[in-house]
Amino acid sequence: MNMKSHMFLKTYPLLCFLFLSSFVYGQLDYKYYDTTCPNLTKIVRNGVWSAISNDTRMPASLLRLHFHDCFVNGCDGSILLDDTSTFTGEKNAFPNRNSARGYEVIDAIKANVEKACPSTVSCTDILTLAAREAIYLTRGPFWPVCLGRRDSLTASQSAANDQLPSPFEPLVNITAKFVSKGLDVKDVVVLSGAHTIGFAQCFTFKRRLFDFDGSANPDPTLDQSLLGSLRSVCPNQSDSDSNLAPLDAVTMNRFDNVYFKNLMNNSGLLESDQALMNDNTTAALVSNYSRNPSLFSKEFAASMVKLINIGVLTGQNGEIRKNCRVVN
């Protein structure tokens, strides 16, 4: 463990226990696998590093996969399950279909973990660690991860469609979904900062370019130079819907606070991103993070600790899957 991660854990030794004590009675622990799978973090980090070396989009994909897992009935690895005869899973829910990525990376890491520690580590813990490592390897913050989560026995496409925030929703709806998970408006802004890396398909923002709110004109808040460049990537025709544009065109492969600077300059890509500037509370937070990268880094880590402990399964609940795609 390097000095940065060591100091974080040293500074916040009780963070996991304090947050979780009333929910899972301390069954998660930083040292959960210290004796049963001592090389777990190293195996996960090496797997993530290999994936990033082959695909620079992978950090954002792994973080999004993790977020979409936790937001649907808790962090339980349900997003990793394939459909079966008894349930329709989350992979083909509207927010995930043809956009959720990184399944193969988790499969590969799981296979290596199984070789080292058979039937010991849950797919949920692997995904949780992989998301943390992906951001850390992209110059982002490090946050402590308590371990001992177990994997769900089912998944729900309808729950994914209902519970995941959408870039097409107004801010009040998105905030309500966060609050329903035990998060708050600050978490909305902080976690939106993950859009400092990654890409979005044109269909998620194209109406801002050509027909905003049925006006037959572009979104008047969108920076004109950005509008021109986006129209070249996303021409007004259906066959451009799956084309990709960076969420942060300035530092697209580095986890930093430039996303917030973009919002201050009317250069947020998604309507739901730029909407953060239309509310006094969220706009003030955006302004703070745009000026203070250390504050954003610290508070992103704190919000992730809250996120990764939503609705976890522990003890005898759930199982430890041998294959992340299927229930044992």
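This passage looks at the annotated domain, the main pocket, one helix pair and an enclosed cavity.

The model is a predicted one. In the UniProt record, an unreviewed entry, residues 27-328 carry the feature "domain: Plant heme peroxidase family profile". That span is 44% helix and 2% strand, and its end C-alpha atoms sit 22 Å apart.

Turning to open space, the largest pocket comes out at a volume of about 1,000 Å³. A total of 47 residues line the largest pocket, and those closest to its centre are Arg64, His68, Pro167, His195 and Leu270. Two or more lining residues come from each of α4 (58-70), α8 (171-179), α9 (185-192), β1 (199-201), α13 (271-274) and α15 (293-307). Helix α4 gives the largest share of this lining, with seven residues. As for chemistry, the pocket lining splits into 28 nonpolar, 12 polar and seven charged residues.

Helix α4 also packs against another helix. Its axis and that of α5 (residues 103-116) come within 10 Å and cross at roughly 85 degrees. Crossing angles of 65 to 115 degrees count as roughly perpendicular, so α4 and α5 are roughly perpendicular to each other. On the α4 side, the residues that meet α5 are Met58, Leu62 and Leu65, while α5 brings Tyr103, Val105 and Ile106 to the contact. Sorted by type, the residues of this α4 and α5 contact are six nonpolar, with no polar and no charged ones. Helix α4 thus turns up in two settings: it lends seven residues to the lining of the largest pocket, and it meets α5 through Met58, Leu62 and Leu65.

Enclosed space is a shorter story. The count comes to one cavity of 30 Å³ or more, and the largest cavity has a volume of about 50 Å³. Its lining includes Thr56, Arg57, Pro59 and Ala60, together with Thr138. The rest of the cavity lining is made up of Ile197, Gly198 and Phe199, plus Met252 and Asn253. By type, the residues lining the largest cavity are five nonpolar, four polar and one charged.

Notes. Residues are numbered from 1 along each chain as its sequence is written. This is a predicted model: local features need pLDDT of at least 70, side-chain atom pairs count only at pLDDT 80 or more; totals for chains, interfaces and linings use all residues. Side-chain values use heavy atoms; hydrogens and water are left out. On a 1 Å grid over the protein atoms alone, a cavity is a set of points where a 1.4 Å probe fits but cannot get out, and a pocket is an open set with protein on both sides within 12 Å along at least five of seven lines; lining residues have an atom within 4 Å of a point. Grid points are joined across faces, edges and corners, and a volume is the space filled by probe spheres set on the points. Helices (H or I, at least four residues) and strands (E, at least two) are DSSP runs, numbered from the N terminus. Ala, Val, Leu, Ile, Met, Phe, Trp, Tyr, Cys and Pro count as nonpolar, Asp, Glu, Lys and Arg as charged, and the others, Gly among them, as polar. UniProt positions are given in the numbering used here, feature names are shortened, and annotations may be inferred rather than shown by experiment. Axes are lines fitted to C-alpha atoms, for helices over the stretch in contact, and angles run from 0 to 180 degrees between N-to-C directions. Angles under 35 degrees count as roughly parallel, over 145 as roughly antiparallel, 65 to 115 as roughly perpendicular and the rest as oblique. Contact means heavy atoms within 4.5 Å.
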